Amino acid sequence: MSSSNQSPELKPLLSPKEMMSQAEQFATSKIMKTTNMTISLAIMAGVFIGLAFLFYITVTTGSTSTSWGITRFAGGIAFSMGLILIVLMGGELFTSSVLSSIAWANRQISFKGMVVIWGKVYVGNFIGAILLVILVAAAGLYKLDGGQWGLNALNIAQHKLHHTFVEAFALGILCNLLVCLAVWLTFSTQNAVGKAFMVMLPVAMFVSSGFEHCVANMFMVPLGIVIQSTAPESFWLQVGATSGQFSDLTLSHFITANLIPVTLGNIVGGSVLVGLANWSIYVRPELTSDQSQLIKSTQLPASLKEVVMKTNLTAVDIMNADYYTLTAEMLTELAIDAFNDRKIHGAPVVDAQGKLVGFFSIHDTMVDLWRQDYIPPQGQKVMDLMSRDVIAVNHTESLVNLLEFLCIDKDHLYPNTENDIASQQASISVEQRGQSTNNKPQHLPVLKEGHLVGVVSRIDIITALRTIYAETLDPVQHGQTTKTA
């Protein structure tokens, strides 16, 4: 009997390889959202980052008696609130959305499609940041602490415009290296408190060190521009400064001196140094000279049932040798037409030497249409959508092993949690292990010496096993025909 007072079981942190799997899911989620959802979540994220900068300004204002480092560290901890809100509430932040480069590396999206998604998030973040600037200006927050709050904001904004292009680019790389590492750390746990804590120190480091974040700057510099151009004379007299001292705070100067180089740096820091770097370590296929992706040739375990059934049929005996293939360069619409003409749902993709390079299905096109709001990009090719992580079998694989691979979950003897940890000691029954087959392919390409020679489907397997039941029966004699009007 369990007690309601027992503390919940703590789940262990995931391993780096398991975190990579979570990162792939994270990247895929970025490309699965509709345009409206993406932009709405991006606006929300832009507001969250702006609120975090408000917190930073408040914490660092009037702190002359405190050491420089401690003040900036406190401001960095305060600023981490923005990324915590985004991680826990699901906002779309440009600097973390660049991790969708993993989906591009996995060939789940074209390069153009990836850039389009980045553009949607970028625009949404900018809208959110500007909306908050308008609210802050209307609230007159720059008057806090005798105007020192506004003066602090002006100095921060002005400082951001006085880096060289190379400096701003490098600071952008360093910033998003830390932001994406912070997001990556959150993949190790499902605990909300754990996620929040893991975000804090990387964010505090980039903020306290003065690294540059393009979305934060979308709020901070426009706020400085608004204060410089709208603050009354009484404000300037109160803080002992003039608006002319901040005349360099202009929109054009902001875009050229800060936003462009910082954005480019953020892209490199997140998509390349974190996303693609980890992908190349944990996921990148070991390519041969004439293949462009990984094909898993599965050697299935032997089965004693072969002896009982007295069958020695193999994949080459039952496969469909008259199969249809696609090329990676074929346009998506032509592939769909070919499927319609042949009444099939998918086909292998081969190169000029007849080697398997992927599998393209109707499901791939349907998913892409949904995430593109039913407006497919022009010139889209099979290579942009096809699955490159294809399970193939050797031509000598036995019939029984093919069936068991497609139908029985041999790997999971015990019920498992999402972290692949056994949740109870009682083993799963044969019936239960045969109920979860959604993750198994509908078609198995058959390889001989690395070349595609056929395709085995479920209907091929059951046709070969038909004789197990009885001799062929006449449906009319057994009253099993269906009447039609």
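This passage looks at a small sheet, a helix pair and the cysteines of a predicted model.

The sheet is a good place to start. It is open and has three strands, arranged in the order β2-β3-β4, and the pairing is mixed. The two edges belong to β2 (326-327) and β4 (356-361); each has a single partner strand, so one side of each goes without a neighbour in the sheet. The mixed character shows up once the two pairings are taken in turn. β2 and β3 run parallel and are joined by two bridges, with L326 finding its bridge partner in V349 of β3. On the other side, β3 (residues 346-350) pairs with β4 in the antiparallel sense, this time over five bridges. Here A347 is partnered by F360 of β4, while V349 has G358 of β4 as its bridge partner. V349 thus turns up in both pairings, as partner of L326 and of G358.

As for burial, β3 is mostly covered, with five of its five residues buried. The hairpin that links β3 and β4 has five residues between the strands, and within this hairpin G354 adopts a positive phi near 80°.

Turning to the helices, α2 (residues 35-60) packs against α3 (residues 68-89). Packing of this kind is described by two quantities, the angle between the helix axes and the distance between them. For α2 and α3 the angle is about 160° and the axes lie 8 Å apart. An angle over 145 degrees counts as roughly antiparallel, and α2 and α3 are therefore roughly antiparallel to each other. Their crossing is right-handed. Sorted by class, the residues in the contact of α2 with α3 come out as 18 nonpolar, five polar and one charged.

That leaves the cysteines. A disulfide is a covalent bond between two cysteine sulfur atoms, and a search of the whole structure turns up zero of them. What keeps C175 from forming one? The closest cysteine sulfur to that of C175 sits in C214, 7.9 Å away, which is too far for a bond; the cut-off for a disulfide is within 2.5 Å. Seen from the other end, C214 is likewise in no disulfide, its nearest cysteine sulfur being that of C175 at 7.9 Å. Are these cysteines buried or exposed? C175 has 0% relative accessibility and so counts as buried, and C214, at 0% relative accessibility, counts as buried too.

Technical notes. Residues are numbered from 1 along each chain as its sequence is written. This is a predicted model: local features need pLDDT of at least 70, side-chain atom pairs count only at pLDDT 80 or more; totals for chains, interfaces and linings use all residues. Side-chain values use heavy atoms; hydrogens and water are left out. Buried means under 20% relative accessible area, exposed over 50%, partly exposed in between (1.4 Å probe, protein chains only). Axes are lines fitted to C-alpha atoms, for helices over the stretch in contact, and angles run from 0 to 180 degrees between N-to-C directions. Helices (H or I, at least four residues) and strands (E, at least two) are DSSP runs, numbered from the N terminus. Angles under 35 degrees count as roughly parallel, over 145 as roughly antiparallel, 65 to 115 as roughly perpendicular and the rest as oblique. A crossing is left-handed if the near helix is turned anticlockwise from the far one by less than a right angle, and right-handed if clockwise. Ala, Val, Leu, Ile, Met, Phe, Trp, Tyr, Cys and Pro count as nonpolar, Asp, Glu, Lys and Arg as charged, and the others, Gly among them, as polar. Two strands pair if DSSP finds at least two bridges between them.
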